[in-house]
6 protein chains.
Amino acid sequence: MPLIDYADASPEVRAVYDDIKATRGVPDVNNFWKALAVHPPTLARTWASLRQVMAPGALDPLTKEMIYLAASAAAGCAYCIASHTAAAKARGMTEAMHGELLAVLGMAAETNRLAETLGVPVDEAFR
Amino acid sequence: MPLIDYADASPEVRAVYDDIKATRGVPDVNNFWKALAVHPPTLARTWASLRQVMAPGALDPLTKEMIYLAASAAAGCAYCIASHTAAAKARGMTEAMHGELLAVLGMAAETNRLAETLGVPVDEAFR
Amino acid sequence: MPLIDYADASPEVRAVYDDIKATRGVPDVNNFWKALAVHPPTLARTWASLRQVMAPGALDPLTKEMIYLAASAAAGCAYCIASHTAAAKARGMTEAMHGELLAVLGMAAETNRLAETLGVPVDEAFR
Amino acid sequence: MPLIDYADASPEVRAVYDDIKATRGVPDVNNFWKALAVHPPTLARTWASLRQVMAPGALDPLTKEMIYLAASAAAGCAYCIASHTAAAKARGMTEAMHGELLAVLGMAAETNRLAETLGVPVDEAFR
Amino acid sequence: MPLIDYADASPEVRAVYDDIKATRGVPDVNNFWKALAVHPPTLARTWASLRQVMAPGALDPLTKEMIYLAASAAAGCAYCIASHTAAAKARGMTEAMHGELLAVLGMAAETNRLAETLGVPVDEAFR
Amino acid sequence: MPLIDYADASPEVRAVYDDIKATRGVPDVNNFWKALAVHPPTLARTWASLRQVMAPGALDPLTKEMIYLAASAAAGCAYCIASHTAAAKARGMTEAMHGELLAVLGMAAETNRLAETLGVPVDEAFR
């Protein structure tokens, strides 16, 4: 798949790139967006959704990034693990926090597997 | 798979159940542990690991539970989603926080899939 | 999806059912085959492949069933976990073996997740 | 993620490395451990668990390694596939056994997918 | 999780329900939307995205539904398999087409697993 | 894993390679087959199955390839995404069709995750 740089992008794609750069305060968009530009409507829709979802709300930006990282790790997406680890660090994730997040991810994987293999019925108290 | 109640458990299993109940301040263990008791060494080891990993540290208990929930949701474990949603609520996850967590999980799933399908190379800045 | 019983099956489907029953020495086929009969060519091909793959060879039938069970558990297929647990027990898997298999599955899930999240490069010695 | 070599490791990490090397009779630990050393408590706990789980018991070490490999393959962990293929070969997995393991993994993937897509209900006989 | 019926929904949620019903020509929305209404912004955003993505374009609606079904089956989402099987049938998927789709899904699962386990390098011709 | 070229292949493997080349009208087989040749019975069986499943039927070859691609993308198999993207393009998938397929895959991932996390019960109308 090609990566579409700003210089080679259509006005429609440049408008999305400009908004990403302004919202994030970065000089260039990362490769995910340059790859997604192969389908401009998906680029525009995905960015609009992400901007809305990741805005501060009841959860702070760092917590959102760590949740994003946890989900990406469980899904095994190497690119997403790399990009959301970087984003979480930029929002304040320390080495100690990162280490504990790793530990939780490992335990979740183990207990998820055990619960599914054992076919554990959901407790009434959890319904 | 059978669920092993306290009354039917061996002393080895009861000791783990007792520690779970004391640590969590609950009157009975949930079904996951009653199913895992089919293999007492795995029961004992898993509980010892979980107790260590979920103890307060650089991350607070609510954040750890939401990370656990995110990983369980991405792995598709229905039992684990139910139990960790209950645990996160017990530690203070409000409806608004739960809604935003859902939104992040949905976006992560979408962008994880797109990044993998597009084969996006990791940016130098993320290494 | 309907389950197609022998009495309602076409001659093409009955021929497959007859071969499953004869090969396994069972009075009826299990639900997987009754569901797969919705597409007779897939029923016939899948059974022919399975019969070949699960025949004794360099690996004995019990080991093959435990490998099948491990793969099904890691894929989270509840039906397959149930059917291959039953098949493994029928071929001699004891409670102690089952417990150790569970323990291996749990550790594999945990270390798989950690290795992927850490992005560990493959050692030269493993290539 | 950095890989932490013995020379650069803390005494706490060196103690784990020393135990891995002694238990396995190898001159150095593999990359998984060098990456996991980023969080010493997770390194120590994971190794302690793995040493216990993979010790000989009701299942012999080769069978345990093949189960580990099957689970890792179903989870799609490239590093784990490489390391556990090497470990299984070191414990006696022949080319013929490896070929049959591959065949079982392929059939499991296919029948897992079919059973889930068809929504097959679990047979009474398997409960 | 509760299912929120039209009668109990807020005006914000009713507006989305009304648009789903009008767009699809159905008397009520299906359970997915009633569950998603727990977080109105995610309900509104997800429906707006889905309406855009599933509109006729270079791919016809039946092909889009079969692709959706294939992806849902590979992800193991039972609800999504049920709903998109129904939607595909409503758009003209015959029993024969459904049977062939199942066959493709099964083969994809098998060859995906084999390619990943073997670590096959991508051919130059595919880049 | 080694890739076995035609020149180094046994007569049994060459026969499969010859059939692949003749059926597809290509001068050489792609890497998947060269890797699978490590176990000739699996090579022969997988090719025989694939040739049958991908033959024209109620679904045309392009639709089958796009379904294969969707399933491979949802399973996260990088090799399979590359090979089936190439195959779909060779059968007529345009850039616009590819873009819409990507959009459907992204939405499916998001709604699959949301439906599973919410534990949505299947509507009576879908049964």
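Which residues of chain A does the UniProt annotation "domain: Carboxymuconolactone decarboxylase-like" cover?

1. **Annotated span.** The annotation covers residues 41–119 of chain A and comes from an unreviewed UniProt entry. The model itself is predicted. In it, residues 41–119 of chain A are 84% helix and 0% strand. The end C-alpha atoms of the span lie 42 Å apart.

2. **Chains B and A: extent.** At this interface, 57 residues of chain B are in contact with 57 residues of chain A. The area buried between the two chains is about 5,100 Å². Carbon and sulfur atoms give 76% of that area. On the chain B side, Val104(B), Leu118(B) and Phe126(B) supply 12% of the area buried against chain A. No other three residues of chain B supply more.

3. **Chains B and A: polar and charged links.** There are 4 salt bridges between chain B and chain A. One salt bridge joins Glu100(B) to Lys64(A), with the closest N and O atoms 3.3 Å apart. The rule also finds 20 residue pairs in polar contact across this interface, both residues at pLDDT 80 or more.

4. **Chains B and A: which elements contribute.** Five helices of chain B each supply at least two residues to the side that touches chain A: α2 (31–36), α3 (40–54), α4 (61–75), α5 (78–90) and α6 (95–118). Helix α6(B) gives the most, with 16 residues. By residue class, this side of chain B divides into 39 nonpolar, 12 polar and 6 charged.

5. **Chains B and A: symmetry.** A turn of 180 degrees, with a shift of 0.0 Å along the axis, lays chain B on chain A with an RMSD of 0.0 Å. The two copies are thus related as by a two-fold rotation axis. Of the interface residues of chain B, 100% are also interface residues in chain A, so the copies meet through the same surface.

6. **Chains E and C: symmetry.** Chain E superposes on chain C by a rotation of 120 degrees with 0.0 Å of shift along the axis, at an RMSD of 0.0 Å. These two copies are thus related as by a three-fold rotation axis. Which C-alpha of chain E is nearest the axis? That of Gly76(E), 4.8 Å from the axis.

7. **Chains E and C: contact.** Here 7 residues of chain E are in contact with 7 residues of chain C. The two chains bury about 540 Å² between them, 66% of it on carbon and sulfur atoms. Leu102(E), Ala103(E) and Arg113(E) lose the most area to chain C in chain E. Together they account for 47% of what that side buries. The salt-bridge count between chain E and chain C is 0. The polar-contact count is 1 residue pair, both residues at pLDDT 80 or more. The side of chain E that touches chain C divides into 3 nonpolar, 2 polar and 2 charged residues.

8. **Salt bridges overall, and one within chain B.** Over all chains the count comes to 36 salt bridges. Side chains of opposite charge can pair when their charged atoms come close. In chain B, the side chains of Arg51(B) and Asp19(B) meet in a salt bridge at 2.2 Å, N to O. Arg51(B) lies in helix α3 and Asp19(B) in helix α1 (residues 11–24) of chain B, so the pair ties together parts that are 32 residues apart in sequence.

Technical notes:
Residues numbered from 1 in each chain as written. Chains lettered and ligands numbered in written order. Predicted model: local features only at pLDDT ≥ 70, side-chain atom pairs only at ≥ 80, totals over all residues. Heavy atoms only, no water. Contact = heavy atoms within 4.5 Å. Buried area = accessible area lost by both parts, 1.4 Å probe. Polar contact = N/O pair within 3.5 Å; in protein donor to acceptor, adjacent residues only side chain to side chain. Helix = DSSP H or I, 4+ residues; strand = E, 2+ residues; numbered from the N terminus. Nonpolar A, V, L, I, M, F, W, Y, C, P; charged D, E, K, R; others polar. Least-squares fit on C-alpha atoms with pLDDT ≥ 70 in both. UniProt positions renumbered as here; feature names shortened; annotations may be inferred.
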